[in-house]
Amino acid sequence: MTIVQNPQAPQTGAADAESGFAKLMSRVKRVIASNPSVLPTVAAIVIFIGMVVYGEVAYGRIVQYNTLSNLFINNAHLIILAVAMTFVILTGGIDLSVGSVIALSSVAGVMLANAGWDPMVVIVLMILIGTAMGLASGILIQYFNVQPFIATLAMMFLGRGLAALLSTQPERLADDSPILWLGEQFKVIDGEKVNDVVITPGVIIALLVVLIAFFVLHRTRTGRTVYAIGGSESSSALMGLAVPRTKVLVYVISGTLSGVAAVVYTSRLGIAQNITGIGWELDAIAATVIGGTLLTGGYGYVLGSVVGALVLGLMNVLITRDGGIPPEMTTIITGGILLIFVLLQRAVTSKRRT
Amino acid sequence: MSTAARTTWLRELIRKPFFWGVIAIFALLALNVIKDPNYLALSVNPVNGNLVGNVVDILRASAPILMIAVGMSLVIATGGIDLSVGSVMAVSGAVAMVFMKDAGQSGSVGVALGAIGLALLVSAILGAINGVLVAYIGLQPFISTLIMMLAGRGIAKVITEGQNTSATNDPFRWIANGFVIGLPVVFLFAIIIVIIVGLVVRRSALGLMIEAIGINPKASRMAGIKPTGLLLTVYILSAVLAGVAGIMSVGTVMTVDVSRTGYQMELDAILAVVIGGTSLAGGKFSIGGAVVGALLIATLDKTIVFLGISSSATPAFKAIVIVVLCLLQSDRVRGWFVQRRKPPMLRTPSLPAEPKKQEVSA
């Protein structure tokens, strides 16, 4: 019974989609025509679906419970980082420090936990380390007029250096540490063999972060100010929006969420090292840009960034499944995809201007 | 000759942007001397007549930083940034090592020259990609070079198939480890290249045009400067200099470690430029300042290791230095100092405007 039922579920879904397909297409066309900045986000969704279809046809075992659950579990930290980066890029800034904030926060956290600190205190401290780093770059950028990428580049090296000062060895959490609970897998739907829908508290945290971010950006005054700053900083200042406070706030948000990502990542792996997270700032930027957020700020969607993070995660899965592509190509491919999307943005924005 | 002339000369020196960099170098050296009174001692190796000592080590270590710092100062002068220098170093080193390995273990000069030529060519291509993206397509410099920073390390890994690659070639090794008239060849090379770049840029209108782009791209275009070609040239030059730096740094050990060669060198380059008094906002550069900055970074690196601190912690110190320097450059902090200096200014109201103008033109 179960064998027959499983393939049926996606089929009925496909049939449903097909009946409403024409309707959907015309709606998408109308949205794109009215607002060309949606185009990259739509492109990201199309690419994600395309990758899923290609993976299913070429390698198989993509559209099934455990692959998709693992996609979320393994990329929970990246989703959180992409959300953080979306806030910063929407204001027209950039945060290059997210990867090393994770390194510093997780090394410090694991060492404190192993020193016998209370796990709740450790988790709060890990998040606060991120907040402090974000606050520092925010103040540098807003009140001392340092360019965002220089200020956060400095924070990136500060974080890495401090993490190296703490320890250059892999720090392992004790096997019975309560922090590991956040990375524990729970079966939601028990499929056949290992084909289960599993979820970790880390994934739930990531989804909560996405929901809260969506609410803040689209339903609050702060969110509107974030978009306004990206559109034109001087105009929003003239309109009386709280520009300085909001600009510092986005870096604080970014730092804090990096701390949260550090907690999620450490709880999944149980190991922290000073070289954790090298290049993640690029993954986060790539996810955000693929998701349709303009690097110049002002346009973009948090949900798009989530899709972007999933595209990157799925790309890793496909590269592993393929086996023919050397793993060192991953960075080149990520860079190439990022470049294509930046060029796409460029084309879209220049079209709008004329 | 009078004391007045001497004080103005001294005041001029203090006002030079890289003056504090020079002071910092001496402070670091003094710190080392306190730890070990013989730190500055130079001796002559009786066998081959080479100078031996910590200062020579610092000069040798400063050579690659000098290269990327000069390239970076030109890029920053156009109002851009080149974050890919570290990765280009790795690519250039990887190309040279793989070429020499495949050419067999012959120690011929031709193989060494071929390796260097190919490495510089590949670096120039990477630089040209950066330049085209920035100048012709109009991407923000930091994002296009950030992509190159990521992809470059991947390219280096693909070239070496992810492994540390070593080769033996004595002429190539000589570049990094040899001595001429008692001084390390690598430092002499670096200084010669710096002087050539400095002369080309400052004795022609090139430097002025580069600065004009950085000050106001629109105005410079209306004044008849074509920014696209110049930008392309500057990014290619930066990448080629990074390629030279890569050759220098793999030459010392004759091994390329794709994840370590040139790692985090982009910070060194930016730091050297900022120490040299060049504003990150673009519009001016100082080759002499970049040289001072590079020497200071080499001294800082050696000092940290000499004091027994883990070398992987050096980024933290550099980050602190760069934050302090950025703070000093910001209007807000300058405002605090100006306020404190106000009483003497009130006495001679015409003076304060003048030195500022000089600083811009210098």
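This is a guided tour of a predicted model with chains A and B, telling you what to select at each stop and what you will find there.

**Stop 1: confidence in chain A**

Select chain A and colour it by pLDDT, which averages 85 over this chain, with 92% of the residues scoring at least 70. Then select residues 1–14 of chain A, where pLDDT stays under 50 and for which the model has two contacts beyond four places in sequence.

**Stop 2: where the chains meet**

Show both chains together and look at the places where they touch: 34 residues of chain A are in contact with 37 residues of chain B. On the chain A side, the elements that give two or more residues are α7 (119–143), α8 (148–166) and α15 (329–353). Select α8(A) next, since this helix gives the most to the side of chain A that touches chain B, with 11 residues. If you colour that side of chain A by residue type, its residues divide into 22 nonpolar, nine polar and three charged.

Now select A:N145, which lies in the loop between α7 and α8 of chain A. Its phi is positive, about 60 degrees, although A:N145 is not a glycine. Is A:N145 buried or partly exposed? A:N145 counts as partly exposed, because it has 16 C-beta neighbours inside 10 Å and a buried residue would need 20 or more.

**Stop 3: two helices of chain A**

Select helix α13 of chain A, residues 280–290, in which 11 of the 11 residues are buried, so the helix is largely enclosed by the rest of the structure. Among the buried residues of α13(A) are A:W280, A:E281, A:D283 and A:I290. Following α13(A) you come to A:G292, whose phi is positive, near 100 degrees.

Move on to helix α14 of chain A, residues 302–322, and set the distance between its ends against what its length would suggest. At 1.5 Å a residue, the 21 residues of α14(A) should span 30 Å, and the end C-alpha atoms are indeed 30 Å apart, so the two values agree. Just after α14(A), select A:G323, which takes a positive phi of about 75 degrees.

**Stop 4: chain B as a whole**

Turn to chain B, whose secondary structure comes to 17 helices and six strands. Of its 362 residues, 47% count as buried. Among the contacts in chain B between residues at least 6 apart in sequence, 77% join residues at least 24 apart.

The unreviewed UniProt entry places the feature "transmembrane region" at several spans of chain B, including residues 230–250 and 304–330. Select residues 230–250 of chain B, which are 100% helix and 0% strand, with end C-alpha atoms that lie 30 Å apart. Compare this with residues 304–330 of chain B, where the chain is 70% helix and 0% strand and the end C-alpha atoms are 28 Å apart.

**Stop 5: a covered helix and a loop in chain B**

Select helix α6 of chain B, residues 141–160, whose 20 residues should span 28 Å at 1.5 Å a residue, and whose end C-alpha atoms are 28 Å apart, which agrees. How many of the 20 residues of α6(B) are buried? The helix is mostly covered, with 19 of its 20 residues buried. Just after α6(B), B:E161 takes a positive phi of about 55 degrees.

Then go to B:M254, found in the loop between α11 (227–253) and β6 (255–256) of chain B. The phi of B:M254 is near 55 degrees, a positive value in a residue other than glycine. B:M254 is partly exposed, because 19 other C-beta atoms lie within 10 Å and burial would require 20 or more.

**Stop 6: inside the structure**

Select B:I213, whose place is in helix α9 (residues 206–215) of chain B. This residue is buried, because 25 other C-beta atoms lie within 10 Å of its own. Leaving aside its neighbours within four places in sequence, B:I213 is in contact with several residues, including B:T78, B:S220 and B:L230. Add B:K284 to the selection: the C-alpha atoms of B:I213 and B:K284 are separated by 9.7 Å, although the two residues are 71 residues apart along the chain.

Finish at the largest nonpolar core, where, of 215 residues, A:I80, B:I68 and B:A69 touch the most other members. Centre the view on B:I68 and, setting aside its neighbours within four places in sequence, find its contacts, among them B:V85, B:L241, B:A245 and B:M265.

Conventions. Residues numbered from 1 in each chain as written. Chains lettered and ligands numbered in written order. Predicted model: local features only at pLDDT ≥ 70, side-chain atom pairs only at ≥ 80, totals over all residues. UniProt positions renumbered as here; feature names shortened; annotations may be inferred. Helix = DSSP H or I, 4+ residues; strand = E, 2+ residues; numbered from the N terminus. Expected span 1.5 Å × (residues − 1). Core = buried A, V, L, I, M, F, W, Y, C linked by C-beta atoms within 7 Å. Buried ≥ 20, exposed ≤ 12 C-beta atoms within 10 Å, placed from the backbone. Contact = placed C-beta atoms within 7 Å. pLDDT = per-residue confidence, 0-100. Nonpolar A, V, L, I, M, F, W, Y, C, P; charged D, E, K, R; others polar.
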